[in-house]
Amino acid sequence: ILTGQYPKHSGVRFNLVSQQNLKLQDSLGYIFKRQGYETIYATDGRQFNFIDEDFGFDQMIGASGTVNNFIMSLIDNTPASDLISNTLLGRFLYPNIYGNRDISFTYQPKSFLTLVKEKMPKYVNKPIFMGIHFTLPHYPYDWTNPRRSANESNSALYDTAVQYADQQVGE
């Protein structure tokens, strides 16, 4: 979507592939930047994409695309991280968990929105283009949802995740 190219032209058919064949200077981020916009990309999950400043974004908001993010996704489900990950202390101790849907056991949609609102520029004298990626309606549709039933089908989980993502867009 950001490159405006179909997979048959870009060669990108899967996640985490080389960007060498992409014409990133023609991506939406660069197009808006050349028109005088402040460009921002926000995502609550970086585990399966390489979208970064190379796509023409002045600012990135959300989980890092680093090895730390990957490692934390493997070891995050500890009592300590579950208990404090969405608190101020948790943001300090576990910066790659807060607002990160890749860490589904502790993810709360409002945490990501709080992060986006905090990181948005307060005073900008030019228009803003913001690309935002909500991972919530992606398999396994899992997060700290208190209304979730253990017997829900994937279809029902998906429907609930889409409703939450719609609320995220609204906020």
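What pLDDT does the protein chain average, and what share of the residues score at least 70? I note that this is a predicted model. I looked up the confidence and found that the chain averages a pLDDT of 82, with 88% of the residues scoring at least 70.

I then compared the elements of the chain. Helix α2 (residues 28–34) has the highest mean pLDDT, 96, and helix α3 (residues 67–75) the lowest, 63.

Next I searched the whole structure for aromatic pairs and obtained 8. One of them joins F32 and Y37 edge-to-face, with 4.8 Å from centre to centre and 75 degrees between the planes. I checked the exposure of both rings. F32 counts as partly exposed because its relative accessibility is 23%; Y37, at 25%, also counts as partly exposed.

I turned to F57 and F129, which form a stacked pair at 6.3 Å centre to centre, with 15 degrees between the planes. This pair links distant parts of the chain: F57 belongs to the loop between β1 and β2, F129 to strand β3 (residues 128–133), and 72 residues separate them. Are these two rings buried or exposed? I recorded F57 as buried, its relative accessible area being 2%, and F129 as buried at 14%.

I traced the ring pairs further and found that they link F32, Y37, Y41, F57 and F129 into a cluster.

Last, I examined the surface. L16, F48 and F50 form a nonpolar patch there, with about 300 Å² of accessible area together. I located F48 in the loop between β1 (38–43) and β2 (59–62).

Methods. Residues are numbered from 1 along each chain as its sequence is written. This is a predicted model: local features need pLDDT of at least 70, side-chain atom pairs count only at pLDDT 80 or more; totals for chains, interfaces and linings use all residues. Side-chain values use heavy atoms; hydrogens and water are left out. Patches are made of residues with over 30% relative accessible area and no salt bridge: like charges are joined within 9 Å, nonpolar side chains (Val, Leu, Ile, Met, Phe, Trp, Tyr) within 5 Å. Accessible areas come from the Shrake-Rupley method with a 1.4 Å probe; for residues, only the protein chains shown count as cover. A salt bridge is a side-chain nitrogen of Lys or Arg within 4 Å of a carboxyl oxygen of Asp or Glu. Helices (H or I, at least four residues) and strands (E, at least two) are DSSP runs, numbered from the N terminus. pLDDT is the predictor's confidence in each residue, from 0 to 100. Rings of Phe, Tyr and Trp (its six-membered ring) pair if their centres lie within 6.5 Å; planes under 30 degrees apart count as stacked, over 60 as edge-to-face and the rest as tilted. Buried means under 20% relative accessible area, exposed over 50%, partly exposed in between (1.4 Å probe, protein chains only).
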